[in-house]
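Visitor: I would like to look at this structure and ask how its labels are earned.
Guide: Here it is.

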Amino acid sequence: MSLSSAIAIAQSAFSTTALQTATVSKNVANAGNADYSRRMAMLGTTSGGAQIVSIYRAQNEALLKQNLVSISQSSAQSSLLSGLEILKSALGGNDYESSPSTYLSAFHGSLQTFASTPGNSTIAATVVSDAWDLANSINKTAAAIQDLRLDTDKQIAEEVANLNALLAQFETANNAVKTATAAGTDATAALDDRDKILKQISELVGISTVTRANNDTVIYTSDGTVLFETMPRQVTFTPTAAYDATITGNAILVDGVPIAAGTGADTTAQGKLASLLQLRDDIAPTFQSQLDEMARGLVTLFEEGGLPGLFTWSGGTVPAAGTVVPGIASTLSVNPAAKANPFLLRDGGFNGVVSNPGGAATPEAGFTDLLDGFITAMDADMAFDATTGLDGTSSIMEFGASSIGWFEQIRSGASTADDNKTALLARTQEALGNVTGVSIDEELSLLLDLEQSYKASAKLISTVDAMMASLLEAVR
């Protein structure tokens, strides 16, 4: 080997070691960055010695795709559970102490107490007060449901705007990847950016990807609709200004195709948008219909002479049996005459139909027929609309308990599913991180090897220098 060849080899070694050290340093600097993939300098051998052929970016497409699915599922489940927890808080928290079912039981109990002492004016007033509490609970719960639907609708509008912004960012990153790949230059930074945006998109909507020539990526929604191909497809949504039980929210459209809502407590939704649709258009309206049926049942059970008695509503009629009246829960109230004269509940007379044998002028204090009839009716089966998701034939007491049981079953199921999907997401992130993430121990070990390589190159240079000095001395 000539001295000039030795010097060239040493120079190549220094250059290679410097690039390798820079790569390791970049890895160490990004050790805590979950969106960074580890870089490795790939070496090749030439006549001049070892050289950096390319910078390899650690990646695993199968694990990345599984991670995207897990992100979508976990995000959807978390969003659904958050909405259910808001409703739970409106119902009084863990014990549901402010739920209509709780107030219905309290009213039923005070009615029984009144029947045992029908001449007690204090107890009579208490029954009417409990009736007001029950009506107010149903009103407030119905309002909370519609507020949740409105807030969810606003959140959908915000997330649709975020999705369109992310798709625009993805277009920029994807073009950078394609350009770098076609030119044969380093595309690792652009690939990191693109994968990061994909993860953010998957939080909002379930996606799958296909990679084409020059690393060009096409994005589809989980149901097969094109979301991005060369350029982003437009995602559109028209917010609704206000909600009540009669209003249906607008769909989210991807290039004119609606996104389907999720179903079930362990939601089938992938991405936050589908679970928000489920909350707004399925769970909340079903709960509202249960409240409407509870309100209709109270008006029906306490009617007098074919008209509302103790309980009334804005429609002023006794609704048909077994059919939901949308929005009746929001306007349910207690007849003002009951506040002025609580004994109307015992004697009748809301609509001029007096049942007490003594009549309106001198009613019998011990009369209990009406009260006993109300108690019996509250415990007897009646028809409810089957679209509420509950038993179509049950007592109003059972219906009220079943309603809160239905809600808690969904909430607890959603909570369990959220824990499971969060754990699955953690496992997929760990598996992907094991392949693409940076290990400080490995990088420091590599730095020690590079240090030895540098020392060897330096030793070669010093040896050549000594030989050159000896040669010049011999010539002199």
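The questions below take up some labels one by one.

Guide: This is a predicted model, in which local features need pLDDT of at least 70 and side-chain atom pairs count only at pLDDT 80 or more, while totals for chains, interfaces and linings use all residues. Residues are numbered from 1 along each chain as its sequence is written, and side-chain values use heavy atoms, with hydrogens and water left out.

Visitor: Why is Lys-421 called buried or exposed?
Guide: Buried means under 20% relative accessible area, exposed over 50%, and partly exposed in between (1.4 Å probe, protein chains only). Lys-421 has a relative accessible area of 12%, so Lys-421 is buried. Lys-421 lies in helix 11; a helix here is a DSSP run of H or I with at least four residues, a strand is a run of E with at least two, and both are numbered from the N terminus.

Visitor: What does Lys-421 touch?
Guide: Contact means heavy atoms within 4.5 Å. Leaving out residues up to four places away in sequence, Lys-421 touches Gln-73, Ser-74, Gln-77, Asp-266 and Thr-267.

Visitor: Why is Val-28 called partly exposed?
Guide: The relative accessibility of Val-28 is 31%, so Val-28 counts as partly exposed. Val-28 is found in helix 1 (residues 3–29).

Visitor: Which residues make a nonpolar surface patch with Val-28?
Guide: Ile-440 and Leu-444 join Val-28 in a patch of about 210 Å². Patches take residues with over 30% relative accessible area and no salt bridge, joining nonpolar side chains (Val, Leu, Ile, Met, Phe, Trp, Tyr) within 5 Å and like charges within 9 Å. A salt bridge is a side-chain nitrogen of Lys or Arg within 4 Å of a carboxyl oxygen of Asp or Glu.

Visitor: What makes strand 4 and strand 5 a pair?
Guide: Two strands pair if DSSP finds at least two bridges between them. Strand 4 (residues 217–221) and strand 5 (residues 226–229) run antiparallel and are joined by 2 bridges. Phe-228 in strand 5 is the bridge partner of Ile-219, and Pro-232 in strand 6 is the bridge partner of Phe-228.

Visitor: What makes a nonpolar core, and how many residues are in the largest?
Guide: A nonpolar core is a set of buried Ala, Val, Leu, Ile, Met, Phe, Trp, Tyr and Cys residues joined through side-chain atoms within 4.5 Å. The largest has 61 residues, and Phe-302 is one of those touching the most other members. Helix 4 gives the most to this core, with 11 residues. A second, separate core of 30 residues includes Phe-228.

Note on methods. Accessible areas come from the Shrake-Rupley method with a 1.4 Å probe; for residues, only the protein chains shown count as cover.
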